[in-house]
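Visitor: I am new to this kind of model and would like to learn how its features are read. Could you take me through a few of them slowly?

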Amino acid sequence: MRRAKPATAAETPSPRGWNRRVAAGVFVGWWTVFALLFANMFYFMEKTRGREANWGHALLAGFFDMYMWGLVSLGAISLAWYLPLRRDRLGRLLLLHLAAGVTLVLLRLATEQALAARLDWWQVPFSTRVVVQGTSHLMVYFPLVGVGYAISYFRRYRDRELSAARLEAQLSNAQLQALKMQLHPHFLFNTLNAISALMHRDVRAADRMLARLGDLLRMTLDAAATQEVPLQQELRFLETYLEIEQTRFGERLAVRMQVEPELLEALVPHLLLQPLVENAIKHGVAPRAVPGSIAISARREGARLRLEVVDNGPGLAAVAPARGGVGLANTRARLQRLYGAEQRLELCNGEAGGLCVRVELPLRLLPANAPPEPGVMAHAGADR
């Protein structure tokens, strides 16, 4: 399966950086709108007082006043962010905010006093300005602090939620990987046992089985970190496994595959079919002296993919209690982890006898421009 090229830092914008730019744009836009409204009010107030109105002075007054409030609010919000509320230091926080509020208000009033003197605005002594405007400005500062704490706690809550979601995803991936890793020694030990039994009867066949086992291990390592692969890749893995089993059983094992060609690009869990086929061989073929057959099919049903593994063994009633081993239990757990309620795995008697294991998944296809996996299913629909 083709792996996507990882994006570089220059190609992938940082969500946090993008959010900061948006927040800065909203912050500046908010105070700009108020600045324009205040400039308009200042202009018409000057006209009603009979004074010469000047749009330049009005805009300067509006932007100065609102942007200064913007700076005060930025200071209040920043302090609230870096000084979170704690019961054991409420008194200290109150004194800190009071000192910060007084400092910010005095700086604002001093700047306003200097600008008023330069532009010949309303002239009053600085002490009068402090008495008249200082208290009201300070009363505005503390609601701004409250807004800052609301933003701070919202961001911390959101960060905790994101962190919890990431941890849950990491845990789920770890559990999926652990379930998948359990399958590797499962089929490896079974295959080694088969090779060991065959070695005393047919050394050449045992050698072929070892070669196919090497191919299986290579495929397993290639997809070690992958949970889903195209169906064609899963079938290629299954074919290699079946070569080992057919070396072992010879003419006693016949396998038929029926796969709709357009479904070869459907995504399925890696190592999904192998334990189901191994289960069918173990319980439907191996215990019987008569030839056994296994039919593997994949077809589309609306927006879902249906996979079936059917053997001609004794069926569900006779052997159901024995079919709850590692392979089937592991497959159920992986499907539940990967797809939740959107998946289904059921065992039932086949139409012509034997056992049918049916798996239904959401149908998701690889992009059309993805290169095909080489050497897969050249004889789909034919008997092996």
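Visitor: Which cysteine sulfur is closest to the sulfur of Cys356, and why is there no bond between them?

Guide: A disulfide is a pair of cysteine sulfur atoms within 2.5 Å. Here the closest cysteine sulfur to that of Cys356 belongs to Cys348, and at 4.1 Å it is too far for a bond; the structure holds 0 disulfides. Please keep in mind that this is a predicted model, in which local features need pLDDT of at least 70, side-chain atom pairs count only at pLDDT 80 or more, and totals for chains, interfaces and linings use all residues. Residues are numbered from 1 along each chain as its sequence is written, and side-chain values use heavy atoms, with hydrogens and water left out.

Visitor: Is Cys356 buried or exposed?

Guide: Buried means under 20% relative accessible area, exposed over 50%, and partly exposed in between, using a 1.4 Å probe and protein chains only. Cys356 has a relative accessible area of 4%, so it is buried.

Visitor: Where is Thr240 found, and which residues is it in contact with, leaving aside its neighbours within four places in sequence?

Guide: Helices (H or I, at least four residues) are DSSP runs, numbered from the N terminus, and Thr240 is found in helix 6. Contact means heavy atoms within 4.5 Å; with those neighbours left aside, Thr240 touches Arg212, Asp215, Leu216 and Met219 in this sense. Thr240 is buried, at 8% relative accessible area.

Visitor: What is the relative accessibility of Glu243?

Guide: Glu243, which is found in helix 6 (residues 231-249), has 33% relative accessibility and therefore counts as partly exposed. Its C-alpha lies 8.9 Å from that of Arg208, although Glu243 and Arg208 are 35 residues apart in sequence.

How values were computed: Helix = DSSP H or I, 4+ residues; strand = E, 2+ residues; numbered from the N terminus.
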